Amino acid sequence: MSITEQIHYYQKKLTFEIDAADLHWARQQGKNLVVVDGRQHSYYRIEHIPGAVNLPHRELSFDTTVTLDKSTLYICYCDGIGCNGSTQTALKLLMLGFEVKELIGGLDWWKRDGYPTEGDLAQAKCALQCGC
């Protein structure tokens, strides 16, 4: 594989994925995005990324997304690397005409990076000195 092919591969990969630090930075910068929790409602109630909307991937359809803004970037996540809910959410939203990215590592890596969560078992305080 040539260096040009590798560059193309990594550039393309970054168009589909975002990590917790880049998502946190984008939110602080006021970027036009919506964080989507693609898990079941019961898991969302237990813990989720602050401000995330809960759109379970099994319920996504034209009818359930008709009020969503298609000019917004949707960042999809689930529990983490052992769950494919974020991939299913991203694929379904993409097929419905939305711009999407997948959060690498999901909620698990969001928390590992020290960012706060909301819900019944929330990680209430940011472990970082970032003004969360």
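User: How many disulfides does the count come to in this structure?

Analyst: The count comes to zero disulfides. A disulfide is a covalent bond between the sulfur atoms of two cysteines, and the rule applied here asks for a pair of cysteine sulfur atoms within 2.5 Å. Before going further, note that this is a predicted model, in which local features need pLDDT of at least 70 and side-chain atom pairs count only at pLDDT 80 or more, while totals for chains, interfaces and linings use all residues. Residues are numbered from 1 along each chain as its sequence is written, and side-chain values use heavy atoms, with hydrogens and water left out.

User: Why is Cys 76 in no bond of this kind?

Analyst: The closest cysteine sulfur to that of Cys 76 belongs to Cys 78 and is 9.7 Å away, which is too far for a bond. Cys 78 is likewise in no disulfide, and the nearest cysteine sulfur to its own, that of Cys 83, is 3.2 Å away.

User: Is Cys 76 buried or exposed?

Analyst: The term buried stands for under 20% relative accessible area, exposed for over 50%, and partly exposed for what lies in between (1.4 Å probe, protein chains only). Cys 76 has a relative accessible area of 0% and is therefore buried, and Cys 78, at 1%, counts as buried too.

User: What is the order of the strands in the open sheet?

Analyst: Strands (E, at least two residues) and helices (H or I, at least four) are DSSP runs numbered from the N terminus, and two strands pair if DSSP finds at least two bridges between them. Here an open sheet of five strands, with parallel pairing, has the order β1-β5-β4-β2-β3. Its edge strands are β1 (17–18) and β3 (53–54), each of which pairs on one side only.

User: How many bridges join the neighbouring strands β4 and β5?

Analyst: Four bridges join β4 to β5, and these strands run parallel. On this seam Cys 76 has Glu 102 of β5 as its bridge partner, while Ile 75 is partnered by Lys 101 of β5. The parallel pairing of β1 with β5 runs over two bridges, and there Glu 17 stands opposite Glu 102. On the other side of β4, five bridges join β2 to β4 in parallel, with Val 34 and Tyr 74 as bridge partners. Two bridges then join β2 to β3, which also run parallel, and Asp 37 stands opposite Asn 54 there. Strand β2 (residues 33–37) is largely enclosed by the rest of the structure, because four of its five residues are buried.

User: How many aromatic pairs does a search of the whole structure find?

Analyst: The search finds three aromatic pairs. One of them joins Tyr 9 and Tyr 10, whose ring centres are 5.0 Å apart and whose planes stand at 75 degrees, so the pair is edge-to-face. Rings of Phe, Tyr and Trp (its six-membered ring) pair if their centres lie within 6.5 Å, and planes under 30 degrees apart count as stacked, over 60 as edge-to-face and the rest as tilted. Tyr 9, at 45% relative accessibility, counts as partly exposed, and Tyr 10 has that status at 49%. Another pair is made by Tyr 74 and Phe 98, with centres 5.3 Å apart and planes at 85 degrees, so the pair is edge-to-face. This pair links distant parts of the chain, 24 residues apart, with Tyr 74 in strand β4 (residues 73–77) and Phe 98 in the loop between α5 (85–95) and β5 (99–103). Tyr 74 counts as buried at 2% relative accessibility, and Phe 98 is buried with a relative accessible area of 2%.

User: What lies over the face of Phe 98?

Analyst: Lys 70 lies there, at 5.1 Å from the ring centre. The rule requires NZ of Lys or CZ of Arg to be within 6 Å of the ring centre and within 35 degrees of the ring normal.

User: With which side chains does Thr 72 make a polar contact?

Analyst: A polar contact is a pair of N or O atoms within 3.5 Å; within protein, one must be able to donate a hydrogen and the other to accept it, and residues adjacent in sequence count only if both atoms are side-chain atoms. The side chain of Thr 72 makes such contacts with the side chains of Asn 32 (3.4 Å) and Asp 69 (3.3 Å). Thr 72 lies in the loop between α4 (62–65) and β4, and at 4% relative accessibility it counts as buried.
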